[in-house]
Amino acid sequence: MRSSRTSLRAGLAALVAAVGLFAAGTGTARAADTPLRDLAAAKGKVLGTAVTGSKLTGTYGDITGTQFSAVTPGNAMKWESVEPARGSFNWTEADQIVAFAQAHDQQVRGHTLVWHSQNPGWLTDGSWTSAQLSDLLRSHIDTEVGRYKGRIAAWDVVNEPFNEDGTYRSTLWHDGLGPGYIADALTWAHAADPDADLYINDYNVEGVNAKSTALYNLVKSLKQQGVPIDGVGLQAHLILGQVPSTLQQNIQRFADLGVDVAITELDVRMQLPADSAELAQQEADFKSVVAACAAVARCVNVTVWGFTDSDSWVPGTFPGYGAATPYDEDYRPKPAYYGIAEALGGGGTTPPPTGACTAAYTVTSQWNTGFTGQVRISCSGASLSSWKVNWTYGAGQRITQAWNATCTQSGTAVSCANASYNGSVPDGGSVTFGFNASWSGTNPVPAVTLG
Ligand code: G3I
C-alpha cells in the first residue's frame with residue numbers, strides 16, 4: 001500500500017507540474033512542492049474531499065489519491081442510494097469508495113445516516129407508527145454502520161437537525177420520534193461500530209450564532225447524559241468574502257466541550273464568471289478557514305465538498321454561481337488550492353504571473369491498454385498566434401492518434417503543434433486538442449511545456 005501511494009504521489013507531483021507556462025508577464029508559475037495531505041499531516045490534520053465513486057479514475061482519481069488523506073462519499077452512503085427499494089440494497093458506489101480509500105491510505109467519513117433529505121420514496125411516503133419508524137432507523141444504522149465496521153473513521157450520524165433560529169427542524173425523524181432520535185441514533189451507531197467517531201453535522205453553524213449555539217447546547221447535554229458523541233461537523237458552504245469572523249472562536253468552544261471538530265463540506269461560491277480578484281478573495285477565504293482549524297488542536301479534519309469545479313453541487317443549486325472549489329473544471333489548481341497549502345505551512349509558492357498562457361494536460365478516460373488525453377491551452381493577460389506543446393513520456397506511453405493538433409513522437413519526446421485553424425489563442429480564450437495513446441504498467445501525467 002505504501003509503495004502504491006508513493007508512486008501516486010510521484011504522479012501528483014507530475015500533475016501539478018503538468019501546467020506548462022508561457023509567461024508574458026514577469027511572474028513565475030507557483031509550484032506546490034508537497035501534496036496537501038502531507039502538509040496537513042505535518043500539522044496533525046486530515047484533509048479530505050467529497051467524491052463521486054464513478055469518477056475515481058484518471059486525473060480525478062490521481063488527485064484524490066495524492067492530495068487528500070480522507071474521502072467522503074458525496075451521495076453514495078445516503079439512504080436513497082443504499083436502499084432505494086425497501087430491503088433491496090445497493091452498496092456498489094459506497095464499496096468502491098471505501099476500497100479506493102483503503103488502497104490510498106485514506107480515512108473515510110461516512111455521510112450520512114439520519115437526514116431529512118435524499119431518503120427513498122418508500123420511506124418518506126410511508127405511514128409509520130413511532131415504533132415502526134424507530135425500528136426502521138435502528139435497522140438502517142445497524143446495517144450500514146455494521147457493513148463498514150472498522151473501515152469508517154467518522155460518521156456524520158445526524159445531518160442538519162436544526163433550523164436557523166436554533167429550534168429543531170421539523171423532519172420525518174423529529175416529528176415521528178421527538179428530539180430523542182438524535183441520542184438514539186448515536187447510541188445505535190456506537191453499538192454497531194464502537195471505534196468510529198460519531199458526529200452531528202450542520203450548515204450555517206460555522207460562526208457563533210443562534211444555530212451553532214443550539215448545536216453547542218445539544219452536544220453539551222448529550223455529553224452530560226453519556227450519549228456517545230465524538231465530534232461536530234461544520235459544513236462550511238460559504239459565500240465569497242463571508243468567512244465568519246467568529247469561526248475559530250466557535251471551533252474552540254466546541255473543542256472545550258471535549259469533542260472533535262471537523263470542517264466537513266468546505267466550498268466558497270461566487271457569481272460566475274469568476275474574475276482574478278474574486279479568485280484571490282477565494283484564496284484568502286480558503287486560507288482563513290483552514291488556518292482557523294489548524295489553530296485548534298481538536299479540529300481534526302478539513303474536507304472540501306468536491307475538489308474540482310466540475311464536481312460541485314453549487315451550479316445545480318444556485319444557478320449563476322459556482323467556481324466554489326480549489327481546482328478548476330480542467331483539474332488545474334486555483335488560487336484557493338494555494339490558500340489551503342499556505343494555511344498548512346506550505347512553502348515555495350510565489351505570486352501568480354500577471355499575464356500568461358498555460359497548457360494543462362489531463363487524462364479524460366483510460367482503459368486496460370489505452371487512454372484518451374486532452375491538453376487545454378488557456379491565455380489570461382496574454383495571447384498566442386501559434387503554439388507548440390512538448391512533453392516527455394517516461395512510462396512507455398505512445399501517441400496513436402491526435403486531433404486539433406499535429407503530434408509527433410520520437411522516442412519518449414512528444415511535440416504537438418497547432419493545426420492551421422487553431423493557432424490563435426486570444427486573451428481570455430482557450431484552445432483544446434486531444435489524442436489517443438497506449439500505455440501499460442503506469443500512466444503518470446507528464447509535465448508539459450508550452451512554447
Ligand atoms: O443520480 C441522479 C442522476 O441519475 C440524474 O440523471 C441526475 C439529474 O439531475 O440527478 C442525479 O442525482 C443528483 C445527485 O446529487 C447525484 O448527483 C440529484 O439530482 C442532486 O440533487 C444531488 O445533489 C446532492 C445534494 O446533496 C442533494 O441535497 C449533491 O450531489 C450533494 O453534493 C449534496 O450534498 C449535501 C450534503 O449531503 C449535506 N450538506 C449539503 C450538501 C450540499 O447540498
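## Notebook: pockets, ligand and backbone oddities

I began with the second largest pocket, and its lining breaks down into 10 nonpolar, 13 polar and 7 charged residues. Note to self: this is a predicted model.

**Second largest pocket.** I looked up the volume and got about 540 Å³. The lining runs to 30 residues, and those closest to the centre of the pocket are Gln235, His237, Glu265, Trp305 and Trp313. Which strand gives the most to this lining? I found that S8 does, with 3 residues. I also checked which strands supply at least two residues each, and wrote down S2 (46-51), S8 (237-239) and S9 (260-271).

**Ligand shell.** Next I listed the residues around the ligand. From the earlier part of the chain I have Asn75, Lys78, His111, Trp115, Gln118, Asn159 and Glu160 among them. The list also includes Gln235, His237, Glu265, Trp305 and Trp313, and I had just written those five down as the residues closest to the centre of the second largest pocket. By class, I count the shell as 3 nonpolar, 6 polar and 3 charged.

**Polar contacts to the ligand.** I went through three side chains here. Trp305 has a side-chain N or O atom 2.8 Å from an oxygen atom of the ligand. For Glu160, the partner is a nitrogen atom of the ligand, 3.0 Å from a polar side-chain atom. Gln118 puts a polar side-chain atom 3.2 Å from a ligand oxygen. How much of the ligand does the protein cover? I get 44% of the 780 Å² of accessible area that the ligand has on its own.

**Cavities.** Rolling a probe the size of a water molecule over the atoms shows where empty space is left. Searching the whole structure, I found 4 cavities of 30 Å³ or more. I picked the second largest, which has a volume of about 40 Å³. Its lining is Lys78, Trp79, Thr112, Leu113, Val114, Trp115, Ser117, Gln118 and Asn119. I recognised Lys78, Trp115 and Gln118 from the ligand shell. Strand S4 (residues 107-114) gives the most to this lining, with 3 residues. Sorted by class, the lining has 4 nonpolar, 4 polar and 1 charged.

**Backbone oddities.** Most residues other than glycine have a negative phi, and most peptide bonds are trans. I noted some exceptions to look at again:

- His111 and Thr112 are joined by a cis peptide bond, with omega at about 0 degrees. I placed Thr112 in strand S4, and it also lines the second largest cavity. His111 is one of the residues around the ligand.
- Leu272 and Pro273 are joined by a cis peptide bond too, with omega at about -5 degrees. Pro273 sits in the loop between S9 and helix H12 (276-294).
- Asn204 has phi near 55 degrees, a positive value in a residue other than glycine. I found Asn204 in the loop between strand S6 (197-202) and helix H10 (210-225).

**Aromatic pairs.** A search of the whole structure gave me 22 of them. I opened up Phe371 and Phe435: stacked or edge-to-face? The pair is edge-to-face, with the centres 6.2 Å apart and 85 degrees between the planes. I then asked where the two rings sit in the chain. Phe371 is in strand S13 (residues 370-380) and Phe435 is in strand S18 (residues 430-438), so by residue number the pair links distant parts of the chain, 64 residues apart.

Notes:
Residues numbered from 1 in each chain as written. Predicted model: local features only at pLDDT ≥ 70, side-chain atom pairs only at ≥ 80, totals over all residues. Heavy atoms only, no water. 1 Å grid on protein atoms, 1.4 Å probe; cavity = no way out; pocket = protein on both sides within 12 Å on 5 of 7 lines; lining within 4 Å. Points joined across faces, edges and corners; volume = space filled by probe spheres on them. Helix = DSSP H or I, 4+ residues; strand = E, 2+ residues; numbered from the N terminus. Nonpolar A, V, L, I, M, F, W, Y, C, P; charged D, E, K, R; others polar. Near = heavy atom within 4 Å. Polar contact = N/O pair within 3.5 Å; in protein donor to acceptor, adjacent residues only side chain to side chain. Areas by Shrake-Rupley, 256 points an atom, 1.4 Å probe, with all protein chains shown as cover. Phe/Tyr/Trp six-rings, centres within 6.5 Å; stacked < 30°, edge-to-face > 60°.
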